[in-house]
Every structure is written in C-alpha cells, then in structure tokens.
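Got your viewer open? Here is a walk through the model, one selection at a time.

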Amino acid sequence: MNKNEVVTIIYDNNGYDKSFVDLVKRYHDINLVSINSLSATDFKRSLLLIIQVNLADPNSLRPLKEKMLIPERDNIPVLFLLNEFNRREVVQANMLGASDYIVYPCPDEFFIKTLGELVSRVVEKAWKKLSHTQEMALKVSLKVLDDAFEDAINGKEISQKELKESCDLIIEATAKDGLTDWMNAIRHHHNYTYRHSMMVCGYLISFGIHFNVKKTDLQMLSLGGILHDIGKAFTPLKILDKPAKLTADEWVIMRKHPSNSRVILSEGNWDPDVLDIAVHHHEKLDGTGYPDGQKGSQVTDLARMTAIADVFSGLTDKRSYKPSMSSEKAIDIMLGMEGHLDIPLVKAFRSAIMPEKEKIYAYK
Ligand SMILES: [Fe+2]
Ligand SMILES: [Fe+2]
C-alpha cells in the first residue's frame with residue numbers, strides 16, 4: 001500500500017461504531033487500528049485519520065496525545081467523532097490537532113459530506129503540482145459538474161453556458177500541458193461518478209485530438225463526456241457508491257441511467273450529438289446493449305467512442321471492491337470485446353492515449 005492511500009480509523013477500548021466504518025468503506029480502503037498499536041507506519045499510509053475515542057477517559061487520552069506527536073502524523077487531516085458537543089471535548093480535539101470534528105452519530109449525508117471535504121483538502125494539495133491552467137480547469141469543472149448533478153436531482157434545467165465554459169478550460173489546459181498530469185490528478189478525487197465523468201471527458205478529448213477534429217467538435221466531445229452519465233443523478237447513492245458488486249436487481253436500476261439522461265437533457269435544447277453520447281454509450285454493436293438495443297450501423301461513431309472511453313475508465317479506475325488495472329491490460333481486454341466495442345476504434349484509442357504520443361492540440 002502506498003503513501004496516502006487509506007483512511008485510518010483510530011479507536012479505544014470502547015471499540016468503534018460499525019455504521020460509520022461502513023460509510024467510509026464505500027469510498028476508501030480503511031485501516032482500523034487501536035490507539036495502543038498505532039504507529040508511524042499507519043500514519044505514512046494515511047490519507048485521513050478518523051478518531052473515535054472517549055476524550056474524557058485518561059486511559060485513551062494519554063496514549064493518543066503521545067501518538068499524535070509522531071512526526072509522520074504531520075499534514076494528515078484529522079476528523080474527531082465526538083460523543084457530545086461540549087466545550088471540553090471540542091478543546092481536547094483541537095489540542096490534539098483536529099482538522100474538523102462532528103458529533104457522532106449524525107445523518108449519513110452529513111458524515112459523507114464532511115469526509116469528502118477533508119479528503120478534497122489532501123487532493124487539492126496534490127493539485128498544486130499542476131499548472132495554473134490545469135488546476136483551474138479541474139476546480140471549475142468539478143464545481144460545474146457538481147452543480148449540474150444538483151440541478152438534475154432538483155428538476156432544474158442544467159446550465160449549458162457554465163458547462164461549455166468549463167469544457168473550454170479543460171481543452172485549453174490540454175492544449176497547453178497535455179492530458180496526462182490532469183488525468184492523474186483527477187484519479188484521486190473521492191467521488192467516483194465525478195471522477196469517471198471527468199476521465200471520460202478527458203479520453204474523448206484525446207480521441208478528438210487524435211482524429212484532429214475541429215474545435216467545435218472537440219467542445220462537443222468534451223461536453224458529451226462530462227455529461228455522459230448525468231442520468232446517474234437519479235440513481236440512489238447506495239447503488240451508485242456501493243462498495244461491492246451490484247446484485248441483479250440493483251443492475252436493473254443502474255441500467256436506467258441512459259434513459260434518465262434522455263429525460264434530463266430533453267430540457268434545454270441540447271446538441272443532438274451530446275444527447276446521443278449520454279443516451280447511447282451503453283449500446284453494443286451486436287444489439288445486446290441498452291437502452292434502445294441499437295445494432296451495427298445504428299450505433300453512431302460518437303456512441304462507439306464514448307463506449308470505449310467508458311469501459312477503459314471503468315477498467316483502469318480503482319473501486320473499493322476491485323483494484324485498478326494497467327492501461328495495457330485494459331486495452332488487451334477491450335480488443336477481445338468484439339460484438340460490444342468497435343475494435344478498429346479501440347486500436348485508434350490505444351494510439352490516442354499513449355502518453356509518448358500525446359499531441360498538443362493546435363486550435364483550428
Ligand atoms: Fe453510463
Ligand atoms: Fe460512464
């Protein structure tokens with residue numbers, strides 16, 4: 001396990017609350033460790049520390065104070081779960097280096113939001129290594145994507161203007177600095193759906209650059225990529241973020257997202273090509289895909305390209321129930337997916353994403 005990969009949960013003799021541990025597991029690998037066995041090695045692996053101990057118990061407080069002074073603990077955000085909101089507990093937590101604290105139990109949504117914000121701090125620190133253009137493109141587009149999902153959930157029309165502007169930022173960042181660093185930075189974002197949407201957007205831009213398309217087509221590809229799973233706004237979070245493979249019944253619900261995209265994008269006069277990407281990226285050439293069971297030539301080039309970007313992102317990304325796969329292995333598997341994917345296009349995709357072949361896009 002590498003540095004900054006796990007959420008370390010620290011508990012005392014009272015044990016820990018399984019319900020929040022299950023919530024953390026939805027998003028991260030975890031390391032459960034009692035105060036007494038906590039070591040520098042645990043800190044080295046940690047992305048975030050969550051501490052649930054009785055701060056009123058000297059037998060817990062004393063060893064925790066010592067361990068929190070270990071140098072490797074520096075710069076790791078710490079979330080304290082307090083028994084109750086009283087001054088004494090808050091002061092103790094702050095003295096022990098709390099980045100944030102919440103009274104637990106609390107509603108799941110609140111816990112997830114707090115967790116996400118703390119992890120984002122670490123991730124955003126890593127983004128400082130990006131160029132200014134890349135960092136801006138990442139921050140703005142994630143915010144705009146978040147707004148788009150919120151609007152879709154609330155039945156509001158999605159702002160095309162903001163999305164198009166953020167796509168222009170991504171294209172500009174790509175033109176200046178290439179896609180590799182940007183894609184590596186997005187790989188660490190905690191929200192799988194956003195991460196995946198941004199990755200598919202990036203891969204479609206790579207495809208567009210590879211085929212030397214004109215700027216308006218590149219804008220359409222990036223917009224289609226970022227929005228391709230917007231229908232997941234209607235998918236329950238417990239299915240979307242399930243830390244295990246889906247059951248057959250859950251798959252039935254998950255497979256509704258392209259139809260939901262059609263409903264969401266029916267408002268607002270969207271480019272038909274963007275709609276095609278969002279609705280048809282799960283069609284298969286042999287007609288066994290969904291939602292429309294399109295076959296052969298009915299599946300457009302855009303839907304074929306998005307299917308490739310989508311499958312590649314899924315295979316190479318890490319989920320709590322499966323490790324990430326190398327690009328080479330993923331492409332090998334995809335080359336064997338005849339009937340599902342367009343194989344000549346998979347070969348073109350392989351050329352498009354190889355970093356050594358990354359081309360700097362020349363505006364036309
Ligand atoms: Fe999808
Ligand atoms: Fe997708």
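Helices (H or I, at least four residues) and strands (E, at least two) are DSSP runs, numbered from the N terminus. With that in hand, select N212, which sits in the loop between helix 9 and helix 10. Its phi is near 55°, a positive value in a residue other than glycine.

Before moving on, some housekeeping. This is a predicted model, where local features need pLDDT of at least 70 and side-chain atom pairs count only at pLDDT 80 or more, while totals for chains, interfaces and linings use all residues. Residues are numbered from 1 along each chain as its sequence is written, chains are lettered from A and ligands numbered from 1 in the order in which they are written, and side-chain values use heavy atoms, with hydrogens and water left out.

**Stop 1: the iron ion (ligand 2)**

Select ligand 2, an iron ion, and show its protein donors: H196 (NE2), H228 (NE2), D229 (OD) and D310 (OD), lying 2.0 to 2.3 Å from it. Donors here are N, O and S atoms within 2.8 Å of the metal (3.2 Å for Na, K and Ca); water is not among the atoms, so sites may look incomplete. The four donor atoms subtend angles of 85 to 179° around the iron ion (ligand 2), which makes the arrangement irregular. For that label, four donors count as tetrahedral if all angles lie between 85 and 135 degrees; four count as square planar and six as octahedral if opposite donors are over 155 degrees apart and all others between 65 and 115; anything else is irregular.

Along the sequence, the donor residues of ligand 2 are spaced H-x31-H-D-x80-D. Now color helix 9 (residues 192-210), where H196 lies, and the loop between helix 10 (215-227) and helix 11 (237-240), which holds H228; the pair therefore ties together parts that are 32 residues apart in sequence. Both H196 and H228 are buried, meaning under 20% relative accessible area (exposed is over 50%, partly exposed in between; 1.4 Å probe, protein chains only).

**Stop 2: the iron ion (ligand 1)**

Which residue should you click to get from one iron ion to the other? Go for D229: it coordinates both, and the iron ion (ligand 1) and the iron ion (ligand 2) are 3.3 Å apart. Ligand 1 is coordinated by D229 (OD), H257 (NE2), H281 (NE2) and H282 (NE2), at 2.1 to 2.2 Å. Angles of 87 to 173° among the four donor atoms put this site down as irregular too. The donors of ligand 1 run D-x27-H-x23-H-H along the chain. D229 lies in the loop between helix 10 and helix 11, and H281 in the loop between helix 14 (272-280) and helix 15 (301-316), so this pair ties together parts that are 52 residues apart in sequence. Both D229 and H281 are buried.

While you're here, pick A303 in helix 15. A303 is buried, with a relative accessible area of 1%. Not counting residues up to four places away in sequence, A303 touches D276, H280 and H281, where contact means heavy atoms within 4.5 Å.

**Stop 3: helix 4**

Jump to helix 4 (residues 87-95) and highlight its buried residues, E89, V90, Q92 and A93. Looking down the axis of helix 4, you'll find them within an arc of 165°, so they line one face of the helix. (The arc is that of the directions from the helix axis to the C-beta atoms.) Flip to the other side of helix 4 and R87, R88 and M95 are exposed. Over the buried residues, the cover includes helix 3 (58-68), strand 4 (78-82) and strand 5 (100-103). Just past helix 4 comes G97, with a positive phi near 95°.

**Stop 4: where the domains meet**

Color domain 1 (6-119) and domain 2 (130-357) separately; the bounds come from an automatic or database domain assignment. Their C-alpha centres lie 35 Å apart. At the join, seven residues of domain 1 are in contact with six residues of domain 2. About 680 Å² is buried between the two domains, with carbon and sulfur atoms giving 56%; buried area is the accessible area (1.4 Å probe) that two parts lose on being put together, summed over both. In domain 1, zoom in on R26, Y27 and D29, which lose the most area to domain 2, together 66% of what that side buries.

**Last stop: two cis bonds**

The peptide bond from Y104 to P105 is cis, with omega near 10°. The bond from Y290 to P291 is also cis, with omega near 10°.
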